[in-house]
Amino acid sequence: MIARSPFGVSFWVEMLLGKYRYGQPSNRLLQDLADQGLPVSPGTLAGGLQRLTGLFEPVLEALYCKQMSETLFNNDETRWEVFVDLEGKVGTRWYLWLTRSASVVFYCIDPSRSAAVPGAHFAGLQGERAIIVCDRYSAYKKLARLAENILLAFCWAHVRRDFLEAGRALPALEPWALDFKARIGMLYHLNQQRLAHWDPDRPLAQQCAAFEHAQAALQAALADLHAEAERLLAQDDTDATLPKVARARCKRVLTSLLHHWSGLTVFVAHPEVPMDNNRAEETIRTPVIGRKNYYGSGSLWSAQLAATLFSILQTLALWGINPRAWLTAYLNACAEAGGQAPSVLAEFLPWSMDAARRAELCRPAAPPTGIDSS
């Protein structure tokens with residue numbers, strides 16, 4: 001796969017999976033190899049990984065094109081250290097941006113945390129409208145203001161967290177916080193009941209009677225919560241039963257709730273939209289583990305490779321495809337092509353491969369020769 005290299009496909013599969021799927025630092029991977037009688041220098045590993053970066057670029061481009069044909073997304077971002085000097089950039093803190101859709105998990109690395117990053121990503125949207133489930137970070141709000149075809153759905157888990165944190169910080173607010181926690185929990189329950197009767201192939205106005213009944217109950221609970229928030233906010237300045245700091249905290253939480261209300265209720269008219277952004281937060285855990293274990297990336301190319309491999313491996317997991325089987329097949333195809341990416345990618349893209357191919361890649365990879373799997 002790499003000209004004049006003593007290492008074949010199986011070696012690079014182990015290195016890529018170890019670092020980008022299992023979050024192991026390179027020095028631990030190399031120590032493991034040395035313990036098995038195969039000493040490899042850090043420079044050899046880094047040089048080989050750098051030469052592999054171009055092999056995955058066509059796959060990443062295909063992931064992006066597929067994702068831009070979809071309409072519902074979960075977005076999040078986390079810090080990522082990149083230890084390079086960049087003109088105009090102070091410090092080593094970069095950001096790893098995640099966009100997850102029904103078919104694709106896509107990451108990009110950028111020195112900025114501004115709205116320009118998701119703006120550039122969603123510039124390729126092919127549909128007339130897209131819904132982004134996200135937290136209340138201002139970059140997404142600016143994106144929605146600038147792009148008329150993007151609608152934001154805010155996360156109820158973050159709202160719930162606001163109340164719980166206020167109750168933990170100020171004991172005087174604990175009953176109030178627990179009351180709203182219970183109200184939000186009821187919203188989740190009513191939404192689950194509604195979704196149990198939802199037919200995604202029929203318009204909202206043509207759902208069954210059971211769905212309409214559950215929809216009415218959900219809307220009533222939302223109206224009650226909204227009215228209670230307004231009532232408490234209106235009496236906040238005159239409520240002398242709470243300490244001043246507690247009244248200020250209460251006002252801040254309720255103001256945020258009402259300010260984001262339109263985004264928090266998008267799921268009512270769009271049952272396909274989840275109430276929270278847990279999909280994105282669960283997905284981004286693997287990069288966060290990697291960041292904690294090996295502190296980020298030492299060069300720009302390695303940061304881009306990390307974003308690429310996180311995208312590919314987590315997309316494969318989304319489809320139930322075994323990443324070891326896929327990587328082995330893909331890198332073997334690259335080797336057969338003379339160290340280049342295959343000219344035809346259809347058999348490596350989950351949505352375009354046939355059922356037999358997908359079933360083959362979903363099976364556990366065969367253990368290496370000599371390993372007892374009994």
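# A tour from Gly338 to the strands

Begin by selecting Gly338, which comes after helix H15 and has a positive phi, near 80°. The model on the screen is a predicted one, and this stop is a convenient place from which to take in the whole chain. Zoomed out, the chain shows 16 helices and five strands, and its C-alpha trace spans about 80 × 50 × 50 Å along the principal axes. Of the 374 residues in the chain, 47% are buried, and among contacts with a separation of 6 or more, 69% are between residues 24 or more positions apart.

**Helix H15**

Go back from Gly338 and select residues 323–336, the 14 residues of helix H15, whose first and last C-alpha atoms are 20 Å apart, close to the 20 Å expected at 1.5 Å a residue. At the start of this helix, show the side chain of Asn322, where an oxygen comes to within 2.9 Å of the backbone nitrogen of Arg324. Which residues of H15 are buried? They are Pro323, Ala325, Trp326, Leu327, Tyr330, Leu331, Ala333 and Cys334. To see what covers them, add the surrounding helices to the selection, including H1 (9–20), H3 (42–67), H14 (300–318) and H16 (355–362).

**The nonpolar cores**

Keep Trp326 of H15 on display, and colour Trp12, Tyr20 and Phe56 along with it, since these four residues touch the most other members of the largest nonpolar core, which holds 59 residues. At least two residues of this core come from each of H1, helix H2 (26–35), H3, strand S2 (93–100), strand S3 (105–110), helix H13 (285–294), H14 and H15. Tyr20 repays a separate look: leaving out residues up to four places away in sequence, Tyr20 touches Leu49, Thr286, Tyr294, Ser302, Leu305, Ala306, Leu309, Phe310 and Leu313. Apart from this core lies another, of 54 residues, which can be located by selecting Phe180, Ala221, Trp261 and Val268, four residues that are among its members.

**Two residues with positive phi**

Most residues other than glycine have a negative phi, and the next two stops depart from that pattern. Select Arg4, in the segment before H1, where phi is positive at about 65° although the residue is not a glycine. Is the side of the chain at Arg4 buried or exposed? Arg4 counts as exposed because its relative accessibility is 82%, which is over the 50% cut-off. Then move to Tyr295, in the loop between H13 and H14, which is likewise not a glycine and has a positive phi of about 65°. Tyr295 also counts as exposed, because its relative accessibility is 57%.

**Strands S1, S2 and S3**

Turn now to the strands and select S2, which is mostly covered, with six of its eight residues buried. On one pairing, S2 is joined to S1 by eight bridges, and the two strands run antiparallel; here Arg100 in S2 is the bridge partner of Asn74. S2 also pairs with S3, again in the antiparallel sense, over six bridges, and Leu96 stands opposite Ile109 in S3. Between S2 and S3 there are four residues, and the two strands form a hairpin.

From Asn74, step along to Asn75, which lies in strand S1 (residues 72–81). Asn75 counts as buried because its relative accessibility is 2%, which is under the 20% cut-off. What does the side chain of Asn75 reach? A polar atom of this side chain lies 3.4 Å from the backbone oxygen of Leu98, and the side chain also makes a polar contact, at 3.1 Å, with the side chain of Thr99. Leaving aside neighbours within four places in sequence, Asn75 is in contact with Leu98, Thr99, Phe122, Ile132, Val133, Cys134, Tyr140, Asn277 and Ala280.

**Strands S4 and S5**

One of the contacts of Asn75 is Ile132, and Ile132 leads to the last stop, where this residue stands opposite Leu152 in S5. Select strand S4 (residues 130–134) together with S5, and the two are seen to run parallel, joined by five bridges. Follow the chain from S4 through helix H5 (residues 138–146) to S5, a β-α-β crossover that is right-handed. S5, at residues 150–154, is mostly covered, and four of its five residues are buried.

How values were computed
Residues numbered from 1 in each chain as written. Predicted model: local features only at pLDDT ≥ 70, side-chain atom pairs only at ≥ 80, totals over all residues. Heavy atoms only, no water. Expected span 1.5 Å × (residues − 1). Buried < 20%, exposed > 50% of the residue type's maximum accessible area, 1.4 Å probe, protein only. Contact = heavy atoms within 4.5 Å. Polar contact = N/O pair within 3.5 Å; in protein donor to acceptor, adjacent residues only side chain to side chain. Core = buried A, V, L, I, M, F, W, Y, C linked by side-chain atoms within 4.5 Å. Pairing = 2+ DSSP bridges. Right-handed = clockwise from strand over helix to strand, strands pointing away.
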